[in-house]
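Good morning, and thank you for making time for this item. I would like to go through one structure with you, beginning with the overall fold and then turning to particular side chains.

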Amino acid sequence: MQNTIKTHGYQIPSVIPLTNVERENLMRLVDSIYETTGVDPKLYMESKSQKSTPVYLRQITAYLIRKYTRLTLREIGIMQGYRDHSSVIHSRNKVETWMDGAPGYGYEKKLTEEIIKKYEQRNS
């Protein structure tokens, strides 16, 4: 079983054990985010930046990986520049908040919905 994938310049660390299905899901997720935003995954997955674009794209990515794969919080954190599992929990909670319609997150909610739609189209 091959454990690494590389898409749009981003490579998942080889320490994360992936099944073929998980590898394909991750490729579709990263591709869907790239096609929706045009942002290189390396700029938000591996970045330590606290600027808003990398942060909310990391949050969306953590949320979607958790939603559509069986990867653990720790594995998602490793994928995102070796972040702690609590950072992944915070990201997931943040996205759930704006998906529930919290005021002030209209753009992020719409973007997340567009990425989900693109991802689900790739899976049908």
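I shall speak about the fold, then the charged pairs, then one buried serine and one aromatic pair.

Please keep in mind throughout that this is a predicted model.

Let me begin with the fold. The secondary structure of the protein chain consists of six helices and two strands. Followed along the sequence, these elements come in the order β-β-α-α-α-α-α-α. The protein chain has 124 residues, and buried residues make up 45% of them. As for contacts with a separation of 6 or more, 58% are between residues 24 or more positions apart. The exposed surface of the protein chain comes to about 6,600 Å², and carbon and sulfur atoms supply 49% of that area.

I turn now to the charged side chains. In general, side chains of opposite charge can pair when their charged atoms come close. How many salt bridges does the structure hold? There are three salt bridges.

The one I take up to start with joins Arg122 to Asp31, with 4.0 Å between the closest N and O atoms. Arg122 belongs to helix 6, and Asp31 to helix 1, which spans residues 20–37; the pair therefore ties together parts that lie 91 residues apart in sequence. Is Asp31 buried or exposed? Asp31 is buried, because its relative accessible area is 14%, under the 20% cut-off. Arg122, at 31% relative accessibility, counts as partly exposed.

Arg122 also forms a salt bridge with Glu35, and here the closest N and O atoms are 2.3 Å apart. Because Glu35 lies in helix 1 and Arg122 in helix 6, this pair ties together parts that are 87 residues apart in sequence. Glu35 is partly exposed, with a relative accessible area of 44%.

Another salt bridge is that between Glu114 and Lys110, whose side chains meet at 3.9 Å, N to O. These two residues are four apart in helix 6, so about one helical turn separates Glu114 from Lys110. Glu114 is partly exposed at a relative accessible area of 36%, whereas Lys110 is exposed at 52%. Which residues, then, do shared partners join into one network? The salt bridges that share partners join Asp31, Glu35 and Arg122.

Next, the buried serine. Ser32 is found in helix 1. Its relative accessible area is 0%, and Ser32 is therefore buried. Which residues is Ser32 in contact with, once its neighbours within four places in sequence are left aside? They are Ile115, Lys118, Tyr119 and Arg122. Arg122 thus appears again here, as a contact of Ser32 as well as a salt-bridge partner of Glu35.

Finally, the aromatic rings. A pair of aromatic rings is described by the distance of the centres and the angle of the planes. A search of the whole structure finds three aromatic pairs. One of them is formed by Tyr56 and Tyr107, with 5.9 Å centre to centre and 80° between the planes. This pair is edge-to-face, because the angle is over the 60 degrees that the class requires. It links distant parts of the chain: Tyr56 sits in helix 3, residues 52–68, and Tyr107 in helix 6, residues 106–123, with their positions 51 residues apart in sequence. Tyr56 counts as buried, because its relative accessibility is 12%.

That concludes my presentation, and I welcome discussion.

Technical notes. Residues numbered from 1 in each chain as written. Predicted model: local features only at pLDDT ≥ 70, side-chain atom pairs only at ≥ 80, totals over all residues. Heavy atoms only, no water. Phe/Tyr/Trp six-rings, centres within 6.5 Å; stacked < 30°, edge-to-face > 60°. Buried < 20%, exposed > 50% of the residue type's maximum accessible area, 1.4 Å probe, protein only. Contact = heavy atoms within 4.5 Å. Areas by Shrake-Rupley, 256 points an atom, 1.4 Å probe, with all protein chains shown as cover.
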